[in-house]
Amino acid sequence: MILAWPWFVLALVLPLLVRFGLPPLFADKRGRTRLVHDGFPLLLPQAGQPVWRMALCWCALVLALCRPQWQSEPLIHYQASRDLILAVDLSDSMRTQDMLDEGEQRDRLGAVKEQLKSLIRARAGDRIALVVFADHAYLLSPLTEEIPALLRLADELDFDLVGPTTAIGEAILLSHQHADLARPTALLLVTDGRNTAGNADPLTEAKRAAAAGIRLYTLGVGADPDTFAGVQSQAGLDPSAELDEPLLQQIAELGHGRYFRARSQSDLAAINQALDSLEPVARPQTLYQPNVELYPWPLALAWLLLMWPARLRGASPSWLRLNWAFWRRPPRQPPEPPHA
């Protein structure tokens, strides 16, 4: 809570100045000094009020004058930045559990989902779209700034959505079709395989997207053969054998972007930081911070203290007596028109 006009706090000492600080303006027959004002007779019905009540009433009035306010959450406007399209591979190979996360093995899609959500949270103000692909490519979410909805969709990514194979070319084509070419646009393609489905050629679609002004980033997911000790490493098995790194590197080169390789969860976090440096995040600008006025509450308290009767038995509130005396006065008669 804040006070919009805090200097009105100085008014708390006014009653003390009236009582002790002002020079005498009138002396009665007994030599007592009094402050005289034409409106003082109206305060006579309030005689007998407890000092604590009048002091509390004055403090409530001064607090209302200070305009207490409750500050709500600021409404943040982000400077227009860029669009980001996230194309995620959901083929069966993404089930492979070779992503180390603090010593524990996780499947590739689970690790990618966590980093995608972290990337979405960090890019408030940018418009983000989600494309998923396997046998074919599908638009899961168009370009939007609705961060909660994007996080919910990213959390619901599953293997059974689009099939077992990988259509990289279709993913680039679909991203190009749904891009807003009037704004700077970047595409992050995440996959762990090679182009094995679809009718679109990845390199051809990458050239078309780059010619339209879309910057292409590619991310290859998969561990090295010597990442795990045991039977797998002894047999010389490569968990990333299906990863077509030369293709992903060519796509990134054609799209004036960069190729990233993620072998663990920590690699994915570093890639997010690198992507933020390459594609600047929107800068927040506070647009408006609404304030809720609270002065009616102390004002209502002061009103109740003033209106409450001094004596609870056999006494009516002073304000009722004043109002009754006011309304009993006969109304003024309009002047009679002059006689001809």
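Which residue, with a positive phi, follows α6? In this predicted model, the residue is Gly 213, and its phi lies near 100°. The report below begins with the chain as a whole and then turns to the surroundings of this helix.

**Overall composition**

The protein chain contains eleven helices and 15 strands. Of its 340 residues, 37% count as buried. The accessible surface comes to about 20,600 Å², and carbon and sulfur atoms account for 59% of that area. Among contacts between residues at least 6 apart in sequence, 79% join residues at least 24 apart.

**Strand β11 and its partners**

Strand β11 covers residues 185-191; seven of its seven residues are buried, so the strand is largely enclosed by the rest of the structure. Thr 185, Leu 187, Leu 189 and Thr 191 point one way from β11, while Ala 186, Leu 188 and Val 190 point the other way; all of these are buried.

β11 is paired with both β6 and β12, as the table shows.

| Strand pair | Bridges | Direction | Facing residues |
|---|---|---|---|
| β6 (residues 83-89) and β11 | six bridges | parallel | Val 88 and Val 190 |
| β11 and β12 | seven bridges | parallel | Leu 188 and Tyr 217 |

**Helix α6**

β11, α6 and β12 together make a right-handed β-α-β unit. The helix of this unit, α6, spans residues 202-211, and its buried residues are Pro 202, Glu 205, Ala 206, Ala 209 and Ala 210. Viewed down the axis of α6, these buried residues fall within an arc of 135°, so they line one face of the helix. The general geometry of helices bears on this pattern: an α-helix has 3.6 residues a turn, so residues three or four places apart point the same way.

What covers the buried residues of α6? The cover includes α5 (168-177), β12 (214-221) and α8 (245-254). Strand β12 thus appears in two roles: it is part of the cover of α6, and it is joined to β11 by seven bridges. On the other side of α6, Lys 207 and Ala 211 are exposed.

**Asn 272 in helix α9**

A further residue of interest belongs to another helix. Asn 272 is found in α9, which comprises residues 265-278. Is Asn 272 buried or exposed? Its relative accessible area is 11%, under the 20% cut-off, so Asn 272 counts as buried. Leaving aside neighbours within four places in sequence, Asn 272 is in contact with Gln 115, Ser 118 and Leu 119.

How values were computed:
Residues numbered from 1 in each chain as written. Predicted model: local features only at pLDDT ≥ 70, side-chain atom pairs only at ≥ 80, totals over all residues. Heavy atoms only, no water. Buried < 20%, exposed > 50% of the residue type's maximum accessible area, 1.4 Å probe, protein only. Helix = DSSP H or I, 4+ residues; strand = E, 2+ residues; numbered from the N terminus. Arc of directions from axis to C-beta. Contact = heavy atoms within 4.5 Å. Areas by Shrake-Rupley, 256 points an atom, 1.4 Å probe, with all protein chains shown as cover. Pairing = 2+ DSSP bridges. Right-handed = clockwise from strand over helix to strand, strands pointing away.
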